[in-house]
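Here are my notes from going through this one, in case they help while you have it open in your viewer. Have a look at the structure first, then read on.

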Amino acid sequence: MVKETGFYDTLGVKPNATPDELKKAYRKLALKYHPDKNPTEGEKFKQISQAYEVLSDAKKRELYDRGGEKAIKEGGGGGGGGGGSFASPMDIFDLFFGGGSRMHRERKGKTIVHQITVTLEELYNGATRKLSVQKNTICERCEGRGSRKGAAQTCMSCHGTGMQVRVHQLVPGMVQQVSTVCHSCQGQGQRINQKDRCKACAGRKILRQKKILEVHIDKGMRDGQKIVLHGEGDQEPGLEPGDIVIVLDQREHPLFTRKGEDLIMPMELQLVEALCGFQKPVQTLDNRTLLITSHPGELIKPGDTKCVWNEGMPMHRRPFEKGHLIINFSVVFPQANFLPKHRLKELEHYLPVKMEAEQQDSMDDDLYIYADLEDCDFENRRRHSRQHYYMDEDDYASAGGAQCQTS
């Protein structure tokens with residue numbers, strides 16, 4: 001029993017959620033509320049990241065389940081630091097989607113994450129999708145300098161670092177250092193006169209451009225799998241280009257459900273098919289037709305599960321190996337009175353003998369209480385019970401109390 005469910009509610013999962021369910025919930029919410037997509041939802045993005053940081057760590061999750069958020073803050077919540085310390089939401093996001101840690105980002109441009117919806121057919125057969133992205137690219141005209149060659153000057157306010165350090169005295173003998181972006185050069189470390197700025201990028205060194213990328217979806221890829229396009233992300237002068245991470249989101253299929261490398265489907269049989277055999281066509285995800293066959297005498301019972309070997313999903317990077325097609329059977333019985341009574345007697349000759357027949361003949365009819373079967377209507381039964389309850393309550397109320405007698 002968990003003490004509180006706040007973090008679980010933030011991710012929209014139950015307290016007994018599996019690690020895979022936590023990952024899926026975080027992936028969808030983080031992409032939805034990322035500041036690049038929803039600039040006004042920064043606080044929501046932070047809450048989602050903190051919830052996932054705690055629940056994805058087995059020890060922190062156990063601590064949270066026992067003592068709630070208070071126990072996390074008092075016991076050293078995250079980032080390896082002291083109590084109440086959480087990692088940066090962007091660090092969690094980048095590590096989850098393969099963008100690296102904060103120190104790695106300092107040497108690399110920004111990672112861009114996109115989610116694309118794919119069908120089960122595309123995951124089965126493989127596909128190529130085109131993706132239009134907007135990204136920062138280094139200005140070709142000035143080669144990322146922002147000005148003509150030699151025109152940029154080192155900022156004297158920050159001495160080319162792009163950051164300014166200010167010292168504040170809190171109390172006598174105690175000071176605090178605060179690093180802020182240099183206001184003179186806007187963190188660039190250089191100052192460029194207006195007349196020397198590049199006309200193409202206006203001195204920003206980068207341009208916002210649209211690019212069409214091809215995304216290759218391999219056979220056997222899974223829902224939630226990430227495809228990393230290295231070096232296709234944002235570019236910045238002096239940094240390695242960032243990556244683009246594509247996250248696959250599988251659309252629900254009307255017939256098949258995927259479980260690992262297996263495909264699961266339901267199949268409904270008439271009673272005669274279950275008893276006497278059948279042949280039913282099933283169209284596969286690559287447009288072949290399987291003739292599912294049950295030979296006469298092979299009884300299929302309601303709830304039976306059968307499988308067809310090597311007709312499941314292809315294995316990723318081993319597309320010639322496949323899982324199984326698993327079929328869950330249900331049997332539809334005929335309507336009441338589908339045969340006249342004399343024909344039912346004929347049908348009995350072909351079915352197994354009733355086990356209780358000899359016992360019934362040997363017993364006296366007076367020992368039986370005959371009970372007919374009826375359809376169960378639980379809704380009417382509940383409604384009748386409520387009416388009966390209110391009626392009894394009214395009867396009880398009218399039975400007591402003082403009565404006046406007049407003469």
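The points below go from the overall picture to the cores, the empty spaces and two single residues.

1. First, a reminder that we're looking at a predicted model. The protein runs to 407 residues, and 32% of them count as buried. Secondary structure comes to 11 helices and 17 strands. If you take contacts with a separation of 6 or more, 60% of them join residues 24 or more positions apart.

2. On to the cores. In soluble globular proteins, nonpolar side chains tend to be buried together. Here the largest nonpolar core has 35 residues, and the members that touch the most others are I116, I217, I227, I246, L248, F256 and M267. A separate core of 29 residues lies apart from that one, with L11, A25, Y64 and F86 among its members.

3. M267 is worth clicking on. Beyond four places in sequence, M267 contacts F278, K280, V282 and I292, and also the run I327, N328, F329 and S330.

4. Now the open spaces. The largest pocket has a volume of about 710 Å³. Of its 21 lining residues, K24, R27, D223, G224 and Q250 are the closest to the centre. Helix α2 (19-33) is one of the elements that supply at least two lining residues, along with β9 (244-250) and β10 (257-259). The top contributor is α2, with six residues. If you're thinking about electrostatics, the lining splits into 13 charged, six polar and two nonpolar residues.

5. The second largest pocket comes in at about 440 Å³. It has 17 lining residues, and those closest to the centre are D36, K37, I112, V113 and H114. Helix α2 turns up here too, supplying at least two residues, as do β1 (112-118) and β2 (127-138). This time β1 has the largest share, with four residues. By class, the lining has seven charged, five polar and five nonpolar residues.

6. How many cavities of 30 Å³ or more does a search of the whole structure find? The search turns up one, and the volume of the largest cavity is about 60 Å³. Its lining is made up of Y124, F256, L263, V282, T284, L285, R288, L290, E311 and L325. Seven of these are nonpolar, one is polar and two are charged. Two names on that list have come up already: F256 is one of the best-connected members of the largest core, and V282 is a contact of M267.

7. Is D234 buried or exposed? D234 counts as buried, because its relative accessibility is 6%, under the 20% cut-off. D234 sits in the loop between β8 (226-229) and β9. A polar atom of the D234 side chain lies 2.9 Å from the backbone nitrogen of N136. Beyond four places in sequence, D234 touches G109, K110, I112, K135, N136, R208, P241 and G242. Of those, I112 is also one of the residues closest to the centre of the second largest pocket.

8. Last, F338, which is in the loop between β17 (325-332) and α9 (341-348). F338 counts as partly exposed because its relative accessibility is 45%, which falls between the 20% and 50% cut-offs. Outside its neighbours within four places in sequence, F338 is in contact with L344 and L347.

Conventions: Residues are numbered from 1 along each chain as its sequence is written. This is a predicted model: local features need pLDDT of at least 70, side-chain atom pairs count only at pLDDT 80 or more; totals for chains, interfaces and linings use all residues. Side-chain values use heavy atoms; hydrogens and water are left out. A nonpolar core is a set of buried Ala, Val, Leu, Ile, Met, Phe, Trp, Tyr and Cys residues joined through side-chain atoms within 4.5 Å. Buried means under 20% relative accessible area, exposed over 50%, partly exposed in between (1.4 Å probe, protein chains only). Contact means heavy atoms within 4.5 Å. On a 1 Å grid over the protein atoms alone, a cavity is a set of points where a 1.4 Å probe fits but cannot get out, and a pocket is an open set with protein on both sides within 12 Å along at least five of seven lines; lining residues have an atom within 4 Å of a point. Grid points are joined across faces, edges and corners, and a volume is the space filled by probe spheres set on the points. Ala, Val, Leu, Ile, Met, Phe, Trp, Tyr, Cys and Pro count as nonpolar, Asp, Glu, Lys and Arg as charged, and the others, Gly among them, as polar. A polar contact is a pair of N or O atoms within 3.5 Å; within protein, one must be able to donate a hydrogen and the other to accept it, and residues adjacent in sequence count only if both atoms are side-chain atoms.
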